[in-house]
Amino acid sequence: MATDVPGILIVDDNEDNRYTLELMLASDGYERVTSAASGNEAIALIEKEKFSLVLLDLMMPDLNGDEVLKVIKSDPDKRDISVVMISADTDADKVSQCIELGADDYLPKPFNPTILRARIAATLRRHSLRALENEYLGKIENEKRHSETLLRNILPAEVATRLRNGESNIADHFDDATVIFADVVGFGKITARMKAYEIVACLNQLFSEFDRLAEDAGIEKIKTIGDNYMAVSGVPTPRANHARMAAKFALDTAAATARLRSRLPVPFSIRVGLHSGPVMAGVIGTRKFAYDVWGDTVNIAARLEAASQPNRVLASAATVKGLGSDYSLDGPHKIDNKEDRVLEAFSRKTACSRHFS
């Protein structure tokens, strides 16, 4: 953290130089000052302790200061340590080499104490500012990841990417998709005597299982409306087998509801409606926006769900056409919709796990 007491490491093979620097730093109020008599000793200390600044002699008998500097700056966990080179060698090439390797400063020996104090104070300030910057950047990255997670919970991944890339009006037409509506049968009567937190807990347990099934199956959840769960297959990624995917998902939700009955305070039954056809999809709103699907296909799927029976999935003839011979069906049934049209639909009890209901 940037508020930690700065640790300073003096690296010099000359004992008198180390002692002089220790006294000076102690008199200036620096509480954490450590010394090393060689490059290898310095590296060992840096591995064990956290330092903000290293005062590093260039010429040493084992590892030269530039070699120690390379070790520090090549380690991602240590490259932020500030390094000031102190040496009697004033060769311009040596100085420039150390600066290129990442040294913050370079002072000749014998050093001027006043100038050294100023350089140490300035270097520690820069180190502190870098630490603060890294801390803030870390927080920004965490917030960014959190925002990404929230965005992906609200929108399909492909749509979230398009929004991040600058699209502001996302609306697409899909020639063929399957819309799924699942509804808890008699929800109002079942929950009339339940407390709010009990109702929410039941629905959360049930719909969380539906969410898991949808993710596993490649089905896009659109929204929940009270006790009604809406999803779509083939949007936003078109899929040739969207009807089969939707049928399997519908049966899986019914099976999941049956499994959960013994763990819910009140047993629930669901009914499901499916219809396939063209849909439009896009992001609606600028605040609390949502990815939604609309069109006649959505309305018909909702009507089929309302006309279905407990523990049954009711599918339109358009959806059944896309199922081939995968499922055994009951029907056809004639279903009236709100536009005075008669729909042809097929159903079967969901208890038969490989039979479409």
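Visitor: What volume does the largest cavity have?

Guide: Good place to start. Rolling a probe the size of a water molecule over the atoms shows where empty space is left. In this predicted model, the largest cavity has a volume of about 40 Å³.

Visitor: How many cavities of 30 Å³ or more does the structure hold?

Guide: There are two of them. The second largest has a volume of about 30 Å³.

Visitor: Which residues line the largest cavity?

Guide: Look for Val-11, Asp-12, Asn-17, Leu-21, Leu-55, Leu-56, Asp-57, Ile-86, Lys-109 and Phe-111. Helix H1 and strand S3 (53-57) are the elements that give two or more residues to this lining. The largest share, three residues, comes from S3.

Visitor: How do the residues of that lining divide into nonpolar, polar and charged?

Guide: Six are nonpolar, one is polar and three are charged.

Visitor: And the second largest cavity: which residues line it?

Guide: Its lining is made by Ile-43, Ile-46, Glu-47, Val-71, Ile-72 and Lys-78. Helix H2 (39-48) and helix H3 (65-74) each supply at least two of the lining residues, and H2 gives the most, with three. By character, four residues of this lining are nonpolar and two are charged, with no polar ones.

Visitor: Let us turn to helix packing. At what angle do the axes of H1 and H5 cross?

Guide: First the general idea: two packed helices are described by the angle between their axes and the distance between the axes. Here, helix H1 (residues 15-27) and helix H5 (residues 113-154) have axes that cross at roughly 65° and come within 12 Å. The crossing of H1 past H5 is right-handed.

Visitor: Which residues of H1 and H5 meet?

Guide: On the H1 side they are Leu-21, Met-24, Leu-25 and Ser-27, and on the H5 side Pro-113, Leu-116, Arg-117 and Ile-120. This contact between H1 and H5 is made of six nonpolar residues, one polar and one charged. Leu-21 is worth selecting in your viewer: this residue is in the contact with H5 and also in the lining of the largest cavity.

Visitor: Now the whole protein. How many helices and strands does the secondary structure come to?

Guide: The count is 11 helices and 13 strands.

Visitor: What radius of gyration does the protein have, set beside a compact globule of 357 residues?

Guide: The protein has 35 Å, whereas such a globule would have a value near 21 Å. You can set that beside the span of the C-alpha trace, about 100 × 45 × 35 Å along its principal axes.

Notes
Residues numbered from 1 in each chain as written. Predicted model: local features only at pLDDT ≥ 70, side-chain atom pairs only at ≥ 80, totals over all residues. Heavy atoms only, no water. Axes fitted to C-alpha atoms, helices over the stretch in contact; angles between N-to-C directions. Helix = DSSP H or I, 4+ residues; strand = E, 2+ residues; numbered from the N terminus. Left-handed = near helix turned anticlockwise from the far one by under 90°. Contact = heavy atoms within 4.5 Å. Nonpolar A, V, L, I, M, F, W, Y, C, P; charged D, E, K, R; others polar. 1 Å grid on protein atoms, 1.4 Å probe; cavity = no way out; pocket = protein on both sides within 12 Å on 5 of 7 lines; lining within 4 Å. Points joined across faces, edges and corners; volume = space filled by probe spheres on them. Rg over C-alpha atoms; globule rule 2.2 N^0.38 Å.
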